[in-house]
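Dear colleague,

Please find below the structure that I am handing over to you. My notes on it follow directly after.

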Amino acid sequence: MVSSYFKTRKIVPENKDELEVGAGVPQGSVLGPTLWNIHYDDVLSLELTRDAETIAFAEDLALICATKSEQELIERVNENLGRITHG
């Protein structure tokens, strides 16, 4: 039943062609917050590098990294995004 909840979802922007939705849950849905909690509970408990943390509010997730250089920031963000993406 849950997999059918995510099938054939589309949005129609004003004056644009229909677009298929491949991620997320429908806004305003009853099941949406529960599915978000189930999925993001694992993300929020991931072990990240010592200079990074995740912050979640409503349906948003932010990755915060603090480093001394731009190059190090890029490396840390990419490393942590990899951990988030691949668990």
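Is E72 buried, partly exposed or exposed? With a relative accessibility of 25%, E72 counts as partly exposed, because the partly exposed class lies between under 20% for buried and over 50% for exposed. Please bear in mind throughout that this is a predicted model.

**Salt bridges**

E72 is a suitable place to begin, since the side chain of this residue meets that of R76 in a salt bridge, at 3.6 Å from N to O. E72 and R76 are four residues apart in helix α3, and therefore about one helical turn separates them. As a general point, an α-helix has 3.6 residues a turn, so residues three or four places apart point the same way.

R76 also takes part in a salt bridge with D51, where the N to O distance is 3.0 Å. This pair links distant parts of the chain: D51 belongs to the loop between α2 and β3, R76 belongs to helix α3 (residues 70–86), and their positions lie 25 residues apart in the numbering. D51 counts as buried, because its relative accessibility is 13%, which is under the 20% cut-off. Taken together, D51, E72 and R76 are linked in a network of salt bridges.

The structure holds four salt bridges. Another of them joins the side chains of R83 and E79, at 2.8 Å from N to O. Both residues are in helix α3, four residues apart, or about one turn of the helix. R83 is partly exposed, with a relative accessible area of 29%, and E79 likewise counts as partly exposed, at 33% relative accessibility. In general terms, side chains of opposite charge can pair when their charged atoms come close.

**Helix α2**

Helix α2 covers residues 32–44. Its 13 residues should span 18 Å at 1.5 Å a residue, and the C-alpha atoms at its ends are 17 Å apart, so the two values agree. The helix nevertheless bends by about 25 degrees at I38.

Which residues of α2 are buried? They are G32, L35, W36 and V43. For W36, the assignment as buried follows because its relative accessibility is 17%. W36 and T54 are 18 residues apart in sequence, and their C-alpha atoms are 15 Å apart in space. D42 is also found in helix α2, but D42 is exposed, with a relative accessible area of 53%. From D42 to I84 the separation is 42 residues in sequence and 9.1 Å in space, C-alpha to C-alpha.

**The β3–β4 hairpin**

Strands β3 (residues 52–57) and β4 (residues 60–65) pair in the antiparallel sense, over six bridges. Within this pairing, I55 stands opposite A62 in β4, and A56 has L61 in β4 as its bridge partner. The two strands form a hairpin with two residues between them. A58, in the turn, has a positive phi of about 55 degrees.

**A second positive phi, and the surface**

Most residues other than glycine have a negative phi. N15 may therefore merit your attention when you inspect the backbone: its phi is near 60 degrees, a positive value in a residue other than glycine. N15 is located in the loop between β1 (10–11) and β2 (19–20). It counts as exposed, because its relative accessibility is 75%, which is over the 50% cut-off.

Finally, which residues form a nonpolar patch on the surface? V2, F6 and L31 do so, and together they have about 220 Å² of accessible area. F6 is found in the loop between α1 (2–5) and β1. With a relative accessible area of 33%, F6 is partly exposed.

Yours sincerely,

A colleague

Key
Residues numbered from 1 in each chain as written. Predicted model: local features only at pLDDT ≥ 70, side-chain atom pairs only at ≥ 80, totals over all residues. Heavy atoms only, no water. Buried < 20%, exposed > 50% of the residue type's maximum accessible area, 1.4 Å probe, protein only. Patch = residues over 30% accessible without salt bridge, like charges linked within 9 Å, V, L, I, M, F, W, Y side chains within 5 Å. Areas by Shrake-Rupley, 256 points an atom, 1.4 Å probe, with all protein chains shown as cover. Pairing = 2+ DSSP bridges. Expected span 1.5 Å × (residues − 1). Bend = angle between axes of the 7 residues up to and from the residue.
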